[in-house]
Amino acid sequence: MDLQLKGKVVIVTGGAKGIGAAIVHACAAEGAIPVIIGRDAEAGKQLQSELQNSGATCGLITVDLATPESCAQSVEQTLKNFGRIDALVNNAGRNDKVGLEYGSVSEYVASLNRNLVHYYGMAHYSLPHLKRSRGSIVNVGSKTAVTGQGSTSGYASSKGAIMALTREWAAELLPYGIRVNTVIPAEVMTPLYRSWLDTFPNPEDKLKTILTKIPLEQRMTTSEEIAAMVVFLISAKSSHTTGQHLFVDGGYVHLDRALT
Ligand code: NAP
């Protein structure tokens with residue numbers, strides 16, 4: 001299937017590692033030009049060189065997205081380097097465990113800045129360019145928005161807001177033909193997930209317990225499976241799909257517990 005993404009400029013926030021890196025790889029494989037926006041300079045440079053060595057074009061902007069200025073700068077720099085924006089993938093985030101019992105109000109606000117506000121900032125500053133390209137937006141959410149997790153109010157509420165914003169932006173941007181969707185992972189083995197797992201006294205036992213609760217094939221979703229859904233959603237092949245929350249999770253959130 002030709003996704004018709006050749007030469008399209010796709011911003012991927014948090015694109016240097018994990019799910020974001022898989023999205024960057026998938027975009028490059030389709031002939032698109034991914035632009036990695038993230039704060040880990042080393043990981044970003046490594047991925048960019050890897051793709052360039054294989055003949056792809058890939059942008060890199062090293063920035064922490066937790067300030068509005070960084071979003072404006074990232075969009076400006078992308079325009080300067082590539083002259084257009086065809087898709088925005090808002091993906092950067094971290095389950096930072098700012099919970100109701102022990103998290104101060106200012107820690108909660110800082111968590112919203114790390115996980116939510118830059119989704120708005122990136123969409124806001126990209127919008128004039130997406131209007132021009134009739135582009136699309138994909139947000140990466142989290143199951144915690146619908147299941148809760150405990151001790152992570154900042155992250156869970158950011159992800160809940162991202163689901164609401166997906167519907168809101170899909171409605172607001174109808175006149176421009178800009179589609180907006182959210183992909184919702186549950187359990188994906190990434191550097192972030194690994195570091196969370198390693199906080200348990202026996203990480204491998206914890207992992208085994210988690211796997212038994214994933215209905216389809218009792219395994220983690222791969223980053224590539226999330227990326228495949230994302231590239232489909234930014235492509236012309238999903239041209240009548242907007243305002244959707246797509247759970248790519250092996251049935252983790254919705255299927256009957258009795259099945260596991
Ligand atoms: P990851 O392995 O940590 O990769 C995320 C990348 O984004 C990292 O390079 C990280 O930089 C960067 N990043 C995070 N916040 C940033 C910020 N404010 N500014 C710039 N860069 C930032 O994480 P992942 O597991 O791939 O997660 C990607 C997305 O999927 C997140 O939104 C996460 O909430 C969501 N998600 C993941 C899972 C899962 O099971 N993995 C489940 C549900 C939802 P650093 O390395 O410097 O932190």
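How many residues line the largest pocket, and which of them lie nearest its centre? In this predicted model, the lining is made up of 49 residues. Gly 93, Arg 94, Asn 95, Thr 190 and Leu 192 lie nearest the centre of the largest pocket. Six elements are named here, each giving two or more residues to this lining: helix H1 (18–29), strand S2 (33–38), helix H4 (105–133), helix H6 (153–172), helix H7 (191–197) and helix H8 (203–212). The biggest share comes from H7, which gives five residues. The volume of the largest pocket is about 1200 Å³. Its lining is mixed in class, with 19 nonpolar, 18 polar and twelve charged residues.

What occupies the largest pocket? The ligand takes up this space. Around the ligand stand 28 residues. Among these, Lys 17, Asn 91, Tyr 155, Val 188 and Thr 190 come nearest. Thr 190 is thus named twice: it is one of the residues nearest the pocket centre, and it is also one of those that come nearest to the ligand.

Backbone atoms reach the ligand at several points. A backbone N or O atom of Asn 91 lies 2.6 Å from a ligand oxygen atom. At Ile 19, a polar backbone atom is 2.8 Å from an oxygen atom of the ligand. Leu 192 also has a backbone N or O atom facing a ligand oxygen, at 3.2 Å. On its own, the ligand has 880 Å² of accessible area, and the protein covers 94% of it.

The shell around the ligand draws two or more residues from each of H1, H4, H6 and H7. H7 again gives the most, with three residues. H7 therefore leads in both settings, the pocket lining and the ligand shell. By class, the shell holds 13 nonpolar, eight polar and seven charged residues.

A further pocket lies elsewhere in the ranking. The second largest pocket has a volume of about 270 Å³. It is lined by 16 residues. Arg 134, Gly 135, Ile 234, Ser 235 and Ala 236 are the closest to its centre. The lining of the second largest pocket divides into five nonpolar, seven polar and four charged residues.

Terms used: Residues are numbered from 1 along each chain as its sequence is written. This is a predicted model: local features need pLDDT of at least 70, side-chain atom pairs count only at pLDDT 80 or more; totals for chains, interfaces and linings use all residues. Side-chain values use heavy atoms; hydrogens and water are left out. On a 1 Å grid over the protein atoms alone, a cavity is a set of points where a 1.4 Å probe fits but cannot get out, and a pocket is an open set with protein on both sides within 12 Å along at least five of seven lines; lining residues have an atom within 4 Å of a point. Grid points are joined across faces, edges and corners, and a volume is the space filled by probe spheres set on the points. Helices (H or I, at least four residues) and strands (E, at least two) are DSSP runs, numbered from the N terminus. Ala, Val, Leu, Ile, Met, Phe, Trp, Tyr, Cys and Pro count as nonpolar, Asp, Glu, Lys and Arg as charged, and the others, Gly among them, as polar. A residue is near a molecule or strand if one of its heavy atoms lies within 4 Å of it. A polar contact is a pair of N or O atoms within 3.5 Å; within protein, one must be able to donate a hydrogen and the other to accept it, and residues adjacent in sequence count only if both atoms are side-chain atoms. Accessible areas come from the Shrake-Rupley method with a 1.4 Å probe; for residues, only the protein chains shown count as cover. A molecule sits in a cavity or pocket if more than half of its atoms lie within 2 Å of its grid points.
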